[in-house]
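Visitor: I would like to know how the labels on a model like this are earned. Show it to me, and let me ask.

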Amino acid sequence: MTQVETANATRGATSSKATRMLGVLSAVGVAALLLFGLILSPPDVAQADSVRLFYIHVPSAIVGLYLAFGVTCLGSIIHLRNGSVFWDLLAGAAAEIGVVFAGFTLVTGMLWGRPTWGVYWQWDPRLTSTSLSFLLFLGYLAVRRLDLDPAVRSKRAAILGIIGFLNLIIVRQSVQWWRSLHQGSTLNPVDAQIDGLMLFSFFLGLIALTSVFFWLLLHRFRVAWMEHQIEAASVTTALAARRSEAADYDGLAGNT
Amino acid sequence: MLRDAWLIASKDLRVEWSSKVLTGQVLPFGVLVLILFGFGISPDRRVVEAPERAVLEQVAPGLFWMAVLLSALLALGRSFAIESVDGNLDALKLTGLDPAGIFLGKGLAVWLELVALEVVLGAGAFLLYGAPLGHPGLLAVTVAATTTSVAAAGTLYAALASGLRVRDTLVPLLVLPVLAPVLLGATLATEAALFGPAGDGWPWAGFLGAFALLYLGAGILSFGPLLEET
(Lines give C-alpha, C1' and ligand atoms only; values in the text may rest on other atoms or scores of the structure.)
Protein backbone atom coordinates (compact mmCIF):
# COMPACT_ATOMS: atom_id res chain seq x y z
CA MET A 1 0.00 0.00 0.00
CA THR A 2 1.69 3.18 -1.14
CA GLN A 3 0.96 6.56 0.38
CA VAL A 4 -0.94 7.67 -2.71
CA GLU A 5 -3.17 4.62 -2.50
CA THR A 6 -3.81 5.15 1.18
CA ALA A 7 -4.64 8.79 0.50
CA ASN A 8 -7.06 7.75 -2.21
CA ALA A 9 -8.65 5.16 -0.02
CA THR A 10 -9.29 7.64 2.77
CA ARG A 11 -10.62 10.21 0.31
CA GLY A 12 -13.11 7.69 -0.97
CA ALA A 13 -12.08 7.30 -4.60
CA THR A 14 -10.96 4.07 -6.23
CA SER A 15 -9.37 5.78 -9.17
CA SER A 16 -5.97 7.37 -9.44
CA LYS A 17 -3.86 8.62 -12.29
CA ALA A 18 -2.48 5.14 -12.79
CA THR A 19 -5.88 3.44 -12.97
CA ARG A 20 -7.25 6.10 -15.30
CA MET A 21 -4.29 5.49 -17.62
CA LEU A 22 -4.82 1.76 -17.36
CA GLY A 23 -8.52 2.24 -18.01
CA VAL A 24 -7.87 4.23 -21.18
CA LEU A 25 -5.32 1.64 -22.25
CA SER A 26 -7.85 -1.15 -21.67
CA ALA A 27 -10.54 0.64 -23.65
CA VAL A 28 -8.16 1.28 -26.54
CA GLY A 29 -6.95 -2.33 -26.36
CA VAL A 30 -10.47 -3.75 -26.47
CA ALA A 31 -11.41 -1.41 -29.35
CA ALA A 32 -8.32 -2.50 -31.27
CA LEU A 33 -9.14 -6.13 -30.51
CA LEU A 34 -12.64 -5.64 -31.95
CA LEU A 35 -11.16 -4.03 -35.04
CA PHE A 36 -8.55 -6.74 -35.63
CA GLY A 37 -10.61 -9.66 -34.41
CA LEU A 38 -13.82 -8.86 -36.27
CA ILE A 39 -12.71 -6.94 -39.36
CA LEU A 40 -9.01 -7.00 -40.21
CA SER A 41 -8.09 -10.63 -39.51
CA PRO A 42 -9.12 -13.16 -42.17
CA PRO A 43 -11.68 -15.95 -41.58
CA ASP A 44 -10.20 -19.37 -40.88
CA VAL A 45 -10.01 -21.97 -43.66
CA ALA A 46 -11.68 -24.66 -41.55
CA GLN A 47 -13.71 -22.73 -38.98
CA ALA A 48 -14.66 -19.67 -41.04
CA ASP A 49 -15.82 -16.76 -38.88
CA SER A 50 -16.25 -18.70 -35.65
CA VAL A 51 -12.48 -18.61 -35.22
CA ARG A 52 -12.88 -14.95 -34.23
CA LEU A 53 -14.26 -16.05 -30.88
CA PHE A 54 -10.86 -17.44 -30.01
CA TYR A 55 -9.30 -13.98 -29.86
CA ILE A 56 -11.38 -13.33 -26.78
CA HIS A 57 -12.08 -16.88 -25.55
CA VAL A 58 -8.52 -18.11 -25.17
CA PRO A 59 -7.14 -14.89 -23.63
CA SER A 60 -9.99 -14.78 -21.10
CA ALA A 61 -9.25 -18.40 -20.16
CA ILE A 62 -5.55 -17.64 -19.69
CA VAL A 63 -6.19 -14.41 -17.77
CA GLY A 64 -9.01 -15.86 -15.64
CA LEU A 65 -7.74 -19.32 -14.81
CA TYR A 66 -4.01 -18.77 -14.63
CA LEU A 67 -3.33 -15.07 -14.04
CA ALA A 68 -6.27 -14.25 -11.73
CA PHE A 69 -6.30 -17.50 -9.76
CA GLY A 70 -2.51 -17.39 -9.74
CA VAL A 71 -2.68 -13.98 -8.05
CA THR A 72 -5.17 -15.48 -5.59
CA CYS A 73 -2.78 -18.33 -4.83
CA LEU A 74 0.20 -15.97 -4.44
CA GLY A 75 -1.76 -13.59 -2.22
CA SER A 76 -2.95 -16.51 -0.11
CA ILE A 77 0.59 -17.80 0.40
CA ILE A 78 1.86 -14.38 1.46
CA HIS A 79 -1.13 -13.85 3.73
CA LEU A 80 -0.54 -17.18 5.47
CA ARG A 81 3.14 -16.35 5.94
CA ASN A 82 2.83 -12.89 7.43
CA GLY A 83 -0.87 -12.15 7.91
CA SER A 84 -0.82 -9.28 5.42
CA VAL A 85 -4.28 -7.75 4.96
CA PHE A 86 -3.17 -6.22 1.66
CA TRP A 87 -2.43 -9.61 0.06
CA ASP A 88 -5.54 -11.18 1.52
CA LEU A 89 -7.80 -8.54 -0.02
CA LEU A 90 -5.86 -8.72 -3.29
CA ALA A 91 -6.35 -12.50 -3.37
CA GLY A 92 -10.08 -12.07 -2.85
CA ALA A 93 -10.37 -9.34 -5.50
CA ALA A 94 -8.44 -11.43 -8.03
CA ALA A 95 -10.65 -14.47 -7.39
CA GLU A 96 -13.83 -12.47 -8.01
CA ILE A 97 -12.54 -11.18 -11.33
CA GLY A 98 -11.15 -14.63 -12.16
CA VAL A 99 -14.59 -16.17 -11.72
CA VAL A 100 -16.07 -13.57 -14.08
CA PHE A 101 -13.40 -14.34 -16.69
CA ALA A 102 -13.90 -18.09 -16.23
CA GLY A 103 -17.65 -17.66 -16.71
CA PHE A 104 -16.97 -15.60 -19.82
CA THR A 105 -14.67 -18.36 -21.07
CA LEU A 106 -17.46 -20.92 -20.63
CA VAL A 107 -20.02 -18.80 -22.46
CA THR A 108 -17.73 -18.00 -25.39
CA GLY A 109 -16.61 -21.64 -25.50
CA MET A 110 -20.19 -22.83 -25.79
CA LEU A 111 -20.99 -20.19 -28.41
CA TRP A 112 -18.01 -21.44 -30.39
CA GLY A 113 -19.12 -25.05 -29.88
CA ARG A 114 -22.57 -24.56 -31.40
CA PRO A 115 -21.42 -23.85 -35.00
CA THR A 116 -18.33 -26.06 -34.71
CA TRP A 117 -19.65 -29.19 -33.01
CA GLY A 118 -23.35 -28.60 -33.62
CA VAL A 119 -24.06 -28.58 -29.88
CA TYR A 120 -23.37 -26.07 -27.12
CA TRP A 121 -21.78 -28.60 -24.84
CA GLN A 122 -19.21 -31.20 -25.75
CA TRP A 123 -17.26 -33.05 -23.10
CA ASP A 124 -14.22 -31.26 -24.36
CA PRO A 125 -11.34 -31.41 -21.85
CA ARG A 126 -10.85 -27.65 -21.65
CA LEU A 127 -14.53 -26.82 -21.37
CA THR A 128 -15.12 -29.52 -18.75
CA SER A 129 -12.17 -28.57 -16.60
CA THR A 130 -12.98 -24.86 -16.89
CA SER A 131 -16.49 -25.50 -15.59
CA LEU A 132 -15.06 -27.36 -12.60
CA SER A 133 -12.51 -24.62 -11.91
CA PHE A 134 -15.31 -22.07 -12.11
CA LEU A 135 -17.26 -23.99 -9.43
CA LEU A 136 -14.12 -24.51 -7.37
CA PHE A 137 -13.58 -20.78 -7.05
CA LEU A 138 -17.27 -20.09 -6.49
CA GLY A 139 -16.70 -22.15 -3.34
CA TYR A 140 -13.73 -19.94 -2.48
CA LEU A 141 -15.89 -16.83 -2.87
CA ALA A 142 -18.57 -18.43 -0.68
CA VAL A 143 -15.98 -18.86 2.08
CA ARG A 144 -14.92 -15.24 1.71
CA ARG A 145 -18.49 -14.14 2.26
CA LEU A 146 -18.93 -16.12 5.50
CA ASP A 147 -20.09 -14.31 8.57
CA LEU A 148 -16.94 -14.94 10.58
CA ASP A 149 -14.24 -13.06 12.40
CA PRO A 150 -12.25 -11.43 9.54
CA ALA A 151 -8.92 -12.92 10.65
CA VAL A 152 -10.34 -16.44 10.82
CA ARG A 153 -12.15 -16.03 7.53
CA SER A 154 -9.01 -14.74 5.79
CA LYS A 155 -6.99 -17.66 7.07
CA ARG A 156 -9.51 -20.24 5.90
CA ALA A 157 -9.88 -18.48 2.55
CA ALA A 158 -6.10 -18.42 2.14
CA ILE A 159 -5.79 -22.17 2.72
CA LEU A 160 -8.60 -22.70 0.23
CA GLY A 161 -7.00 -20.33 -2.30
CA ILE A 162 -3.72 -22.24 -2.32
CA ILE A 163 -5.25 -25.71 -2.49
CA GLY A 164 -7.81 -24.47 -5.00
CA PHE A 165 -5.13 -23.39 -7.43
CA LEU A 166 -3.22 -26.67 -7.06
CA ASN A 167 -6.49 -28.52 -7.57
CA LEU A 168 -7.24 -26.48 -10.68
CA ILE A 169 -4.07 -27.86 -12.23
CA ILE A 170 -4.97 -31.42 -11.17
CA VAL A 171 -8.46 -31.05 -12.63
CA ARG A 172 -7.11 -29.77 -15.93
CA GLN A 173 -4.51 -32.53 -16.21
CA SER A 174 -6.85 -35.35 -15.26
CA VAL A 175 -9.64 -34.25 -17.59
CA GLN A 176 -7.16 -33.82 -20.40
CA TRP A 177 -5.85 -37.30 -19.80
CA TRP A 178 -9.36 -38.74 -19.60
CA ARG A 179 -10.47 -37.33 -22.93
CA SER A 180 -7.21 -38.02 -24.73
CA LEU A 181 -7.65 -41.73 -23.96
CA HIS A 182 -11.00 -41.74 -25.72
CA GLN A 183 -10.65 -39.34 -28.61
CA GLY A 184 -8.05 -37.42 -30.53
CA SER A 185 -6.84 -34.11 -29.20
CA THR A 186 -9.30 -31.29 -29.78
CA LEU A 187 -8.68 -28.44 -32.15
CA ASN A 188 -5.69 -26.50 -31.04
CA PRO A 189 -6.47 -22.79 -31.22
CA VAL A 190 -2.88 -21.83 -31.93
CA ASP A 191 -1.82 -24.38 -34.49
CA ALA A 192 1.39 -24.32 -36.42
CA GLN A 193 0.27 -22.74 -39.69
CA ILE A 194 -1.58 -19.84 -38.21
CA ASP A 195 -1.97 -16.67 -40.19
CA GLY A 196 0.21 -13.78 -39.01
CA LEU A 197 -2.70 -11.40 -38.54
CA MET A 198 -4.61 -14.06 -36.60
CA LEU A 199 -1.70 -14.61 -34.26
CA PHE A 200 -1.42 -10.85 -33.83
CA SER A 201 -5.12 -10.61 -32.95
CA PHE A 202 -4.71 -13.38 -30.41
CA PHE A 203 -1.81 -11.65 -28.67
CA LEU A 204 -3.66 -8.35 -28.86
CA GLY A 205 -6.54 -10.04 -27.05
CA LEU A 206 -4.17 -11.36 -24.43
CA ILE A 207 -2.69 -7.91 -23.81
CA ALA A 208 -6.07 -6.15 -23.82
CA LEU A 209 -7.68 -8.59 -21.39
CA THR A 210 -4.65 -8.58 -19.12
CA SER A 211 -4.92 -4.81 -18.99
CA VAL A 212 -8.67 -5.04 -18.27
CA PHE A 213 -7.92 -7.55 -15.52
CA PHE A 214 -5.41 -5.32 -13.76
CA TRP A 215 -7.65 -2.30 -14.16
CA LEU A 216 -10.58 -4.14 -12.54
CA LEU A 217 -8.25 -5.63 -9.92
CA LEU A 218 -7.01 -2.24 -8.76
CA HIS A 219 -10.53 -0.88 -8.44
CA ARG A 220 -11.93 -3.97 -6.77
CA PHE A 221 -9.00 -4.11 -4.40
CA ARG A 222 -9.42 -0.47 -3.40
CA VAL A 223 -13.12 -1.00 -2.67
CA ALA A 224 -12.17 -3.94 -0.45
CA TRP A 225 -9.47 -1.86 1.23
CA MET A 226 -11.95 0.92 1.98
CA GLU A 227 -14.42 -1.58 3.39
CA HIS A 228 -11.66 -2.91 5.57
CA GLN A 229 -10.82 0.60 6.80
CA ILE A 230 -14.47 1.42 7.50
CA GLU A 231 -14.74 -1.77 9.54
CA ALA A 232 -11.61 -0.91 11.47
CA ALA A 233 -12.72 2.72 11.90
CA SER A 234 -16.19 1.80 13.08
CA VAL A 235 -14.72 -0.36 15.83
CA THR A 236 -12.49 2.54 16.90
CA THR A 237 -15.43 4.97 16.81
CA ALA A 238 -17.63 2.64 18.80
CA LEU A 239 -14.89 2.16 21.37
CA ALA A 240 -14.40 5.92 21.68
CA ALA A 241 -18.15 6.44 22.05
CA ARG A 242 -18.38 3.83 24.80
CA ARG A 243 -15.37 5.37 26.56
CA SER A 244 -16.89 8.85 26.47
CA GLU A 245 -20.18 7.45 27.75
CA ALA A 246 -18.34 5.80 30.58
CA ALA A 247 -16.49 9.07 31.28
CA ASP A 248 -19.79 11.00 31.32
CA TYR A 249 -21.26 8.46 33.67
CA ASP A 250 -18.26 8.69 35.95
CA GLY A 251 -18.54 12.47 35.84
CA LEU A 252 -22.25 12.40 36.77
CA ALA A 253 -21.57 9.90 39.52
CA GLY A 254 -18.87 12.20 40.87
CA ASN A 255 -21.22 15.26 40.88
CA THR A 256 -24.02 13.66 42.81
CA MET B 1 1.54 -37.64 15.86
CA LEU B 2 0.44 -41.22 15.08
CA ARG B 3 -0.49 -41.90 18.71
CA ASP B 4 -2.62 -38.73 18.74
CA ALA B 5 -4.16 -39.80 15.45
CA TRP B 6 -5.10 -43.18 16.89
CA LEU B 7 -6.63 -41.51 19.99
CA ILE B 8 -8.84 -39.28 17.86
CA ALA B 9 -9.78 -42.06 15.45
CA SER B 10 -10.77 -44.47 18.20
CA LYS B 11 -12.76 -41.72 19.92
CA ASP B 12 -14.67 -40.97 16.69
CA LEU B 13 -15.28 -44.65 16.02
CA ARG B 14 -16.57 -45.19 19.56
CA VAL B 15 -18.93 -42.23 19.14
CA GLU B 16 -20.18 -43.73 15.88
CA TRP B 17 -20.48 -47.17 17.40
CA SER B 18 -22.68 -45.96 20.23
CA SER B 19 -24.77 -43.47 18.22
CA LYS B 20 -25.36 -45.81 15.23
CA VAL B 21 -25.89 -42.80 12.94
CA LEU B 22 -23.66 -44.26 10.23
CA THR B 23 -25.18 -47.71 10.21
CA GLY B 24 -28.70 -46.45 10.80
CA GLN B 25 -28.78 -43.42 8.48
CA VAL B 26 -25.78 -43.00 6.17
CA LEU B 27 -25.62 -46.62 5.03
CA PRO B 28 -29.34 -46.89 4.18
CA PHE B 29 -29.00 -43.57 2.36
CA GLY B 30 -26.22 -45.03 0.19
CA VAL B 31 -28.29 -48.11 -0.65
CA LEU B 32 -31.22 -45.85 -1.47
CA VAL B 33 -29.05 -43.88 -3.90
CA LEU B 34 -28.03 -47.13 -5.61
CA ILE B 35 -31.66 -48.12 -6.06
CA LEU B 36 -32.66 -44.67 -7.29
CA PHE B 37 -29.93 -44.81 -9.95
CA GLY B 38 -31.69 -47.93 -11.19
CA PHE B 39 -34.84 -45.82 -11.63
CA GLY B 40 -32.92 -43.04 -13.36
CA ILE B 41 -31.29 -45.48 -15.80
CA SER B 42 -33.76 -48.13 -16.80
CA PRO B 43 -32.33 -51.61 -15.97
CA ASP B 44 -33.55 -53.08 -19.27
CA ARG B 45 -31.89 -50.50 -21.49
CA ARG B 46 -29.19 -51.74 -23.86
CA VAL B 47 -27.33 -49.73 -26.47
CA VAL B 48 -27.03 -51.08 -29.99
CA GLU B 49 -23.22 -50.81 -30.09
CA ALA B 50 -22.75 -52.96 -26.97
CA PRO B 51 -25.82 -55.16 -26.59
CA GLU B 52 -24.08 -57.78 -24.48
CA ARG B 53 -24.24 -55.64 -21.33
CA ALA B 54 -27.15 -53.60 -20.00
CA VAL B 55 -26.40 -49.88 -19.72
CA LEU B 56 -26.81 -50.09 -15.98
CA GLU B 57 -24.10 -52.74 -15.79
CA GLN B 58 -21.75 -50.69 -17.96
CA VAL B 59 -22.10 -47.56 -15.86
CA ALA B 60 -22.12 -49.47 -12.53
CA PRO B 61 -18.59 -48.29 -11.52
CA GLY B 62 -19.54 -44.62 -11.88
CA LEU B 63 -22.84 -45.08 -10.08
CA PHE B 64 -21.14 -46.95 -7.25
CA TRP B 65 -18.60 -44.17 -6.73
CA MET B 66 -21.30 -41.49 -6.97
CA ALA B 67 -23.23 -43.29 -4.22
CA VAL B 68 -20.04 -43.50 -2.14
CA LEU B 69 -19.29 -39.81 -2.69
CA LEU B 70 -22.78 -38.69 -1.68
CA SER B 71 -22.71 -40.89 1.42
CA ALA B 72 -19.20 -39.64 2.21
CA LEU B 73 -20.56 -36.07 2.33
CA LEU B 74 -22.90 -37.17 5.11
CA ALA B 75 -20.14 -39.03 6.95
CA LEU B 76 -17.84 -35.99 6.71
CA GLY B 77 -20.54 -33.65 7.96
CA ARG B 78 -21.12 -36.04 10.81
CA SER B 79 -17.39 -36.19 11.61
CA PHE B 80 -17.34 -32.47 12.39
CA ALA B 81 -20.89 -32.16 13.67
CA ILE B 82 -19.86 -34.19 16.72
CA GLU B 83 -17.06 -31.67 17.35
CA SER B 84 -19.16 -28.53 17.03
CA VAL B 85 -21.56 -29.19 19.92
CA ASP B 86 -20.82 -28.22 23.52
CA GLY B 87 -17.61 -26.43 22.56
CA ASN B 88 -15.94 -29.72 21.67
CA LEU B 89 -13.69 -28.02 19.14
CA ASP B 90 -12.23 -25.80 21.87
CA ALA B 91 -11.81 -28.83 24.09
CA LEU B 92 -10.01 -30.60 21.26
CA LYS B 93 -7.58 -27.69 20.97
CA LEU B 94 -7.04 -27.64 24.72
CA THR B 95 -6.01 -31.29 24.75
CA GLY B 96 -2.68 -30.21 23.27
CA LEU B 97 -2.80 -32.96 20.68
CA ASP B 98 -0.73 -32.44 17.56
CA PRO B 99 -2.95 -30.76 14.89
CA ALA B 100 -1.51 -33.07 12.25
CA GLY B 101 -2.47 -35.98 14.49
CA ILE B 102 -6.01 -34.62 14.82
CA PHE B 103 -6.24 -34.39 11.05
CA LEU B 104 -4.92 -37.91 10.53
CA GLY B 105 -7.16 -39.26 13.28
CA LYS B 106 -10.34 -37.74 11.92
CA GLY B 107 -9.31 -38.81 8.43
CA LEU B 108 -8.59 -42.37 9.60
CA ALA B 109 -11.99 -42.65 11.28
CA VAL B 110 -13.70 -41.42 8.10
CA TRP B 111 -11.52 -43.82 6.08
CA LEU B 112 -12.58 -46.84 8.11
CA GLU B 113 -16.23 -45.78 8.00
CA LEU B 114 -16.06 -45.34 4.24
CA VAL B 115 -14.42 -48.73 3.69
CA ALA B 116 -17.23 -50.37 5.67
CA LEU B 117 -19.71 -48.38 3.60
CA GLU B 118 -18.00 -49.39 0.34
CA VAL B 119 -18.11 -53.08 1.23
CA VAL B 120 -21.88 -52.90 1.70
CA LEU B 121 -22.50 -50.60 -1.29
CA GLY B 122 -20.13 -52.69 -3.43
CA ALA B 123 -22.05 -55.83 -2.60
CA GLY B 124 -25.24 -53.93 -3.36
CA ALA B 125 -23.89 -52.74 -6.69
CA PHE B 126 -22.87 -56.27 -7.72
CA LEU B 127 -26.27 -57.52 -6.68
CA LEU B 128 -28.33 -54.75 -8.25
CA TYR B 129 -26.32 -53.95 -11.38
CA GLY B 130 -24.72 -57.36 -11.93
CA ALA B 131 -21.19 -56.48 -13.05
CA PRO B 132 -18.39 -59.09 -13.27
CA LEU B 133 -15.16 -58.78 -11.26
CA GLY B 134 -12.18 -59.26 -13.54
CA HIS B 135 -9.21 -57.97 -11.55
CA PRO B 136 -9.66 -57.97 -7.75
CA GLY B 137 -6.13 -56.65 -7.11
CA LEU B 138 -6.68 -53.51 -9.17
CA LEU B 139 -10.06 -53.02 -7.51
CA ALA B 140 -8.54 -53.29 -4.02
CA VAL B 141 -5.82 -50.74 -4.81
CA THR B 142 -8.38 -48.41 -6.41
CA VAL B 143 -10.69 -48.63 -3.42
CA ALA B 144 -7.84 -47.97 -0.96
CA ALA B 145 -6.46 -44.99 -2.90
CA THR B 146 -9.87 -43.46 -3.64
CA THR B 147 -11.01 -43.79 -0.05
CA THR B 148 -7.81 -42.17 1.18
CA SER B 149 -8.32 -39.29 -1.27
CA VAL B 150 -11.92 -38.77 -0.20
CA ALA B 151 -11.10 -39.03 3.50
CA ALA B 152 -8.07 -36.70 3.35
CA ALA B 153 -9.52 -33.98 1.09
CA GLY B 154 -12.94 -34.30 2.72
CA THR B 155 -11.58 -33.95 6.26
CA LEU B 156 -9.58 -30.88 5.27
CA TYR B 157 -12.57 -29.13 3.67
CA ALA B 158 -15.02 -30.21 6.36
CA ALA B 159 -12.64 -28.68 8.91
CA LEU B 160 -12.59 -25.45 6.88
CA ALA B 161 -16.35 -25.26 7.23
CA SER B 162 -16.53 -26.52 10.81
CA GLY B 163 -18.31 -24.43 13.38
CA LEU B 164 -20.33 -22.54 10.78
CA ARG B 165 -24.08 -22.30 10.54
CA VAL B 166 -23.86 -22.83 6.78
CA ARG B 167 -21.61 -25.89 7.16
CA ASP B 168 -24.12 -28.37 5.71
CA THR B 169 -24.52 -26.46 2.48
CA LEU B 170 -20.94 -25.27 2.18
CA VAL B 171 -19.13 -28.61 2.48
CA PRO B 172 -20.64 -30.17 -0.69
CA LEU B 173 -19.86 -27.03 -2.71
CA LEU B 174 -16.24 -27.09 -1.55
CA VAL B 175 -15.63 -30.83 -1.64
CA LEU B 176 -17.33 -31.99 -4.84
CA PRO B 177 -15.35 -29.93 -7.40
CA VAL B 178 -12.17 -30.96 -5.59
CA LEU B 179 -13.11 -34.63 -5.69
CA ALA B 180 -14.25 -34.50 -9.32
CA PRO B 181 -10.87 -35.82 -10.60
CA VAL B 182 -11.05 -38.55 -7.96
CA LEU B 183 -14.48 -39.64 -9.17
CA LEU B 184 -13.13 -39.65 -12.70
CA GLY B 185 -10.06 -41.73 -11.85
CA ALA B 186 -11.92 -44.12 -9.56
CA THR B 187 -14.63 -44.76 -12.17
CA LEU B 188 -12.13 -45.46 -14.96
CA ALA B 189 -9.91 -47.65 -12.77
CA THR B 190 -12.94 -49.60 -11.53
CA GLU B 191 -14.23 -50.03 -15.09
CA ALA B 192 -10.88 -51.55 -15.99
CA ALA B 193 -10.96 -53.77 -12.89
CA LEU B 194 -14.43 -55.08 -13.75
CA PHE B 195 -14.43 -55.36 -17.51
CA GLY B 196 -10.67 -55.21 -18.22
CA PRO B 197 -8.09 -54.78 -19.52
CA ALA B 198 -6.37 -54.02 -16.22
CA GLY B 199 -3.61 -52.09 -18.02
CA ASP B 200 -6.09 -49.26 -18.62
CA GLY B 201 -6.76 -48.96 -14.90
CA TRP B 202 -3.31 -48.95 -13.30
CA PRO B 203 -2.32 -45.42 -14.42
CA TRP B 204 -5.52 -44.12 -12.86
CA ALA B 205 -4.88 -46.05 -9.67
CA GLY B 206 -1.47 -44.35 -9.60
CA PHE B 207 -3.10 -40.97 -10.15
CA LEU B 208 -5.47 -41.65 -7.23
CA GLY B 209 -2.52 -42.61 -5.03
CA ALA B 210 -0.72 -39.36 -5.90
CA PHE B 211 -3.87 -37.35 -5.19
CA ALA B 212 -4.26 -39.08 -1.81
CA LEU B 213 -0.65 -38.32 -0.85
CA LEU B 214 -0.98 -34.69 -1.94
CA TYR B 215 -4.05 -34.12 0.22
CA LEU B 216 -2.58 -36.00 3.18
CA GLY B 217 0.37 -33.62 2.96
CA ALA B 218 -1.85 -30.56 2.57
CA GLY B 219 -3.94 -31.60 5.56
CA ILE B 220 -0.93 -32.28 7.80
CA LEU B 221 0.56 -28.88 6.92
CA SER B 222 -2.56 -26.76 7.13
CA PHE B 223 -4.42 -28.23 10.12
CA GLY B 224 -2.24 -26.32 12.56
CA PRO B 225 -3.12 -22.84 11.25
CA LEU B 226 -6.70 -23.99 10.67
CA LEU B 227 -7.29 -25.01 14.28
CA GLU B 228 -5.30 -22.14 15.73
CA GLU B 229 -7.86 -19.41 15.28
CA THR B 230 -11.16 -21.17 14.94
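Visitor: Why does B:Asp90 count as exposed?
Guide: This is a predicted model, and the label comes from a neighbour count. B:Asp90 has 11 C-beta neighbours inside 10 Å. The cut-off for exposed is 12 or fewer, so B:Asp90 counts as exposed.

Visitor: Where is B:Asp90 found?
Guide: B:Asp90 is in helix α5 of chain B, residues 88-94. Its C-alpha lies 10.0 Å from that of B:Glu228, a residue 138 positions away in sequence.

Visitor: What makes α8(B) roughly antiparallel to α9(B)?
Guide: Their angle does. Helix α8 (residues 167-195) and helix α9 (residues 202-228) of chain B pack at about 150 degrees, with axes 8 Å apart. Angles over 145 count as roughly antiparallel, so α8(B) and α9(B) earn that label. The crossing of α8(B) past α9(B) is left-handed.

Visitor: Which residues of α8(B) and α9(B) meet?
Guide: From α8(B), B:Pro181, B:Val182, B:Gly185, B:Ala186, B:Leu188 and B:Ala189. From α9(B), B:Trp204, B:Ala205, B:Phe207, B:Leu208 and B:Phe211. By class, this contact has ten nonpolar residues, one polar and no charged.

Visitor: How many residues of chain B are in contact with chain A?
Guide: 21 residues of chain B contact 20 residues of chain A. On the chain B side, α8 and α9 each supply at least two. α8(B) gives the most, with ten residues. The chain B side divides into 17 nonpolar, three polar and one charged.

Conventions
Residues numbered from 1 in each chain as written. Chains lettered and ligands numbered in written order. Predicted model: local features only at pLDDT ≥ 70, side-chain atom pairs only at ≥ 80, totals over all residues. Axes fitted to C-alpha atoms, helices over the stretch in contact; angles between N-to-C directions. Helix = DSSP H or I, 4+ residues; strand = E, 2+ residues; numbered from the N terminus. Parallel < 35°, antiparallel > 145°, perpendicular 65-115°, else oblique. Left-handed = near helix turned anticlockwise from the far one by under 90°. Contact = placed C-beta atoms within 7 Å. Nonpolar A, V, L, I, M, F, W, Y, C, P; charged D, E, K, R; others polar. Buried ≥ 20, exposed ≤ 12 C-beta atoms within 10 Å, placed from the backbone.
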